[in-house]
Amino acid sequence: MLSIPALFLAQLRFKKIFELREILDMRERELDEFVNIIPDIVTRSTPEMKITFANRHYCEIIGRDVEFLIGRDFTEFVHPSALDSVYLCIAALNPEHPAQSHKQFHINPDGSERWIYWTNLMRYDLNNQPLELLSIGKDITELQFAQEKIGAQAEKLEAANHSLE
């Protein structure tokens, strides 16, 4: 049987744990709020590529709600033309080089095209085993289309210059 002082100390510890849990829950809600208001796309996945978190921007781009996405392999939502580069990017991550960025083509649910610049960060445990993949994407569609337009114009100018020679 616990003595009164031991019982009192146990009660204080429980109260402190409860208070810390409330603070942690509040911080988690604040972070969730922040991640959902920034214009970037944010996901968290297992090393096996199963989605564990998706912000509202990712849900909008994929055209599904978060409940549908959690637990699904994110490669289900990658355009077939981008799958190989996604696999290569993920495979290249290691404890010495845990982050990598790449451009990725995407088709929206309405059929329109989108380009996303992804930065992936694999987190590792103390034994260098993968824990979690954090991915942040930025919509670069306008930039990509502008670069393509400039490239096409440059080709036209080069062709016109060659015809003048």
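Which residue in β4 does H102 stand opposite? Select H102 and look across: W118 in β4 is the one. Keep that pair in view while we set the ground rules.

This is a predicted model, so local features need pLDDT of at least 70 and side-chain atom pairs count only at pLDDT 80 or more, while totals for chains, interfaces and linings use all residues. Residues are numbered from 1 along each chain as its sequence is written, and side-chain values use heavy atoms, with hydrogens and water left out.

**Stop 1: the whole chain.** Zoom out and colour by secondary structure. You get 5 helices and 5 strands, in the order α-β-β-α-α-α-β-β-β-α from the N terminus. Helices here are DSSP runs of H or I with at least four residues, strands are E runs of at least two, and numbering starts at the N terminus. The C-alpha trace spans about 100 × 35 × 25 Å along its principal axes. The radius of gyration is 24 Å, whereas a compact globule of 165 residues would come out near 15 Å; that value is taken over C-alpha atoms, and the globule rule is 2.2 Å times the number of residues to the power 0.38.

**Stop 2: the sheet.** Now show just the strands. All 5 form an open sheet ordered β2-β1-β5-β4-β3, with antiparallel pairing. At the edges stand β2 (51-54) and β3 (99-107), each with a single partner strand, so one side of each has no neighbour in the sheet. Neighbouring strands are turned by 25 degrees against each other on average, direction ignored. Back to where we started: select β4 (residues 113-124), which β3 meets antiparallel through 9 bridges. For two strands to count as paired, DSSP must find at least two bridges between them.

**Stop 3: the helices on top.** Add α4 (residues 83-92), which lies across β3, β4 and β5 (130-139) and runs at about 165 degrees to β3. Then add α5 (residues 141-164): this helix lies across β3, β4 and β5 too, at about 125 degrees to β4. Axes are lines fitted to C-alpha atoms, for helices over the stretch in contact (heavy atoms within 4.5 Å), and angles run from 0 to 180 degrees between N-to-C directions.

**Stop 4: two cysteines.** Select C59, buried at a relative accessible area of 11%, then C89, buried at 8%. Buried means under 20% relative accessible area, with a 1.4 Å probe and protein chains only. Looking for disulfides? The count is 0, where a disulfide is a pair of cysteine sulfur atoms within 2.5 Å.

Notes
Buried means under 20% relative accessible area, exposed over 50%, partly exposed in between (1.4 Å probe, protein chains only).
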